[in-house]
Amino acid sequence: MSDRFRSAIVGWLLLLPAMIFLVAFTHWPAVASLWESVMSTPKPRRPARFVGAANFEQIWADPIFWQSLTNNLWFALGTIPTSIALAMLMAVWVNDRLPGRTFARMAYFTPTILPMIAVANIWLFFFTPQYGLLEQILGALGFGATNWLGSKDTALWAVTVVAIWKEAGFFMIFYLAALQSISPTLAEAASLEGASRWTYFRRVQFPLLMPTTLFVLINAVINAFRMVDHIIVMTRGGPDNATSLLLFYIYQVGFSFWDTAYAAALTIVLLAMLALIAFIQYGWLERRVHYR
Amino acid sequence: MDRRQFLAGTAAATTLSIAAPAIAQNAPTEVSFFYPVAVGGPVTKIIDGYAADFNKENPDVKITPVYSGTYQDTIAKVLTAHKSGSPPTLSVLLSTDMFTLIDEDAIVPIDSFVKTDADKAWMQGFFPAFMLNSQTEGKTWGIPFQRSTIVLFWNKDAFKEAGLDPEKPPQTWAEHTAFAEKLTKREGGNVTQWGTQIPSTGFSYWLLQALAIEAGDIVANQKGDTTYFDKPGVVEALQYWVDMGQKMKVHAPGIVEWGTTPKDFFEKKTAMMWTTTGNLTNVKNNAKFPFGVAMLPSQKRRGSPTGGGNFNIAKKATPQQQEGAFRFARWLTQPERAARWSVETGYVAVSKAAYETPAMKEYVASFPAAAVARDQLEFAVAELSTHENQRVTKAFSDNIQAALTGSKAPAAALKDAQAEAERILKPYR
């Protein structure tokens, strides 16, 4: 056996564990979903058969899909800009040498490390009508009672707020890392020139953070479309589908109704949308981002 | 969903089915048992205790109970495990999921295990109302276990305060709203105590069904292939529910959470509540005021759907495992134990014989509220159960919520629900 052949085998063996997982949990499911999306759902008394685009036609005519999509777009619009802006603000804030800096960083990051289900249960209590935390605060300020999660007008915004609270701390970490890598000579130069804090942020820090912003933006978009656990705990998509997001709807179709073929077709639609967004982000936005 | 428990459960089930043949002949048969919790109280502790007792008395069978979340979580886990080939041998699932389980070919009929005369007598012993959601196609598919009806709880202190007789619950819809009007406490524009509360998440279809029965209509046929969501009685029922919140303003507007309803009752945010009798022990332990339990008020008639869960035995299990599961289910529904379970949780004991036991007689004498749900069984009908049950139920619940939140008129909402159910059920006729 030649040495080259041997080292090739060792190489592949080293790759094998990762490859098994990648194929089993990423590539195979993607291919299987594509295959299942053009079949009918197998039942013990009716095996799967080829149905072509029938599942996709059903999606086109499905009002709950369209509502979930609309909800999801609003949810994305509500979470992405706000959480990124908040993250940047918090990062700039805790990047400075201020007293209790470590504590502030930790406090901002805490939401990220808490288990999602626990977090959602805590917020469920905050939103409880009449005796929930939010109600007590607003009541003390003289506002009337609101059924935050039980009213169609407020339920989606209520879960959006929880998502922002959760996401901002996570993104802050990336911004903080990026800020730390900016050379202090720039700050010195700026202060010698007499630039204000705002000018320094706008003309120096913000442009240098752009690569991070692109990275964070892509993550934020993915997170907005893969939101499901908060919804399951807090509203189960209700009232009347007001908080049904795409992935939650896929879960419901797949694991409550056991219409696996339709769920596969919905997954393909979601994947196609995400691919399109990623394409725009990388193909168009990246060219506008300043890299050093 | 709790992934860890799910994985642990599936892993346990898988290991069992693989390991079983290798183990020596005299090792006990392993029976995995998934059960949900839908009411307050230490249910997991109680079930673990039963399993331990059974294992001690029956060394040849080993029951391993796994708490599996809500009813919805549990059926998702059981059916996923079924599709992967190693479901839990025994599971407690909503009795309404019967058609789904049959359509998925996931369970075996109980009849095949009933051999002796004692077995037959035991099968005959269940309250007939509970068998309505357990039998179809001339076979019995589930063994009634944690079964219930909807009852009305009322706060006697609140009644006294409002100038009502604390010993007299409302008997009719008209009385129900008249009482609720007196019980609603307003401070300017704010309400500090609502008169009544009917929860509308999780089981909104169930609560509406109660109102519909009282208004004189049932919502589906016994074969599970036709629904009657747009019948006049159902429309009247939904209209009444909506009006309580929006017109009479004696019920919190919008959607009311199922899970926090008992807490709202303890916190005196509502003076009456409609909920499962399964919450009885929870209320008994946590209400800091005298309370009463009553049958639901009537409109044309009295009534409530039955509810709750049955034991189901998995088709993909070995005959020994199935037999072990059957023995455990039979053991747990013996009169003494059914009585104990009823005392410990508040669920209705599933057989008449259970109410004849000395323990139960004593309990009912000291706490008459415990007999209300049993007495109501006389007026009970089957719970909504159809093929593709979750999907039909969702169409119904979505539209109920649409009406309660004011985005659709009750009649229009129910018409939409009926149209959707027609579309789903057509292939099953």
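Begin by selecting strand E7 (residues 185–187) of chain B together with strand E8 of chain B, and you will find the two running antiparallel and joined by three bridges. Keep in mind throughout that this is a predicted model.

Within this pair, select B:Lys185 and look across to E8(B), where B:Gln193 stands opposite. Next follow the chain from E7(B) into E8(B): the hairpin has two residues between the strands, and B:Gly188 in this hairpin takes a positive phi near 65°.

Now turn to the other pairing of E8(B), with strand E9 (residues 270–276) of chain B, where the two strands pair in the parallel sense over three bridges. To see one of these positions, select B:Gln197, whose bridge partner in E9(B) is B:Met273. As you look along E8(B), notice that the strand is mostly covered, since six of its eight residues count as buried, that is, under 20% relative accessible area. In a regular strand the side chains alternate between the two faces of the sheet.

Return to B:Lys185 and show its side chain along with that of B:Glu161, for these two meet in a salt bridge with a distance of 3.1 Å from N to O. B:Glu161 lies in helix H7 (residues 156–161) of chain B while B:Lys185 lies in strand E7 of chain B, so the pair ties together parts that are 24 residues apart in sequence. Are the two partners buried or exposed? B:Glu161 counts as exposed at 58% relative accessibility, whereas B:Lys185, at 35%, counts as partly exposed.

The next stop is another pairing of side chains: B:Arg327 and B:Asp60 meet in a salt bridge, again given as N to O, at 3.1 Å. B:Arg327 belongs to helix H13 (residues 319–332) of chain B and B:Asp60 to the loop between helix H2 (43–57) and strand E2 (61–67) of chain B, so this pair ties together parts that are 267 residues apart in sequence. B:Arg327 is partly exposed, with a relative accessible area of 28%, and B:Asp60 is also partly exposed, with 38%.

For a salt bridge inside one helix, select B:Glu344 and B:Arg340, whose closest N and O atoms are 3.8 Å apart. Both residues lie in helix H14 (residues 335–345) of chain B, where they are four residues apart, about one turn of the helix. Here B:Glu344 is partly exposed at a relative accessible area of 29%, and B:Arg340 is partly exposed at 36%. Salt bridges that share partners also join A:Asp259, B:Glu388 and B:Arg391 into one network, and over all chains a search of the whole structure finds 21 salt bridges.

Finally, colour the two chains separately and look at where they meet: 33 residues of chain B are in contact with 28 residues of chain A. The area buried between these chains is about 2,700 Å², with carbon and sulfur atoms giving 48% of it. How many salt bridges does the rule find across this interface? There are two, and you can select A:Arg236 and B:Asp73 to see a salt bridge whose closest N and O atoms are 3.5 Å apart. On the side of chain B that touches chain A, the elements giving two or more residues include helix H3 (71–84), strand E8 (190–197) and helix H18 (389–404) of chain B. The residues of that side divide into 10 nonpolar, 11 polar and 12 charged.

Notes. Residues numbered from 1 in each chain as written. Chains lettered and ligands numbered in written order. Predicted model: local features only at pLDDT ≥ 70, side-chain atom pairs only at ≥ 80, totals over all residues. Heavy atoms only, no water. Contact = heavy atoms within 4.5 Å. Buried area = accessible area lost by both parts, 1.4 Å probe. Salt bridge = Lys/Arg side-chain N within 4 Å of Asp/Glu carboxyl O. Nonpolar A, V, L, I, M, F, W, Y, C, P; charged D, E, K, R; others polar. Buried < 20%, exposed > 50% of the residue type's maximum accessible area, 1.4 Å probe, protein only. Pairing = 2+ DSSP bridges.
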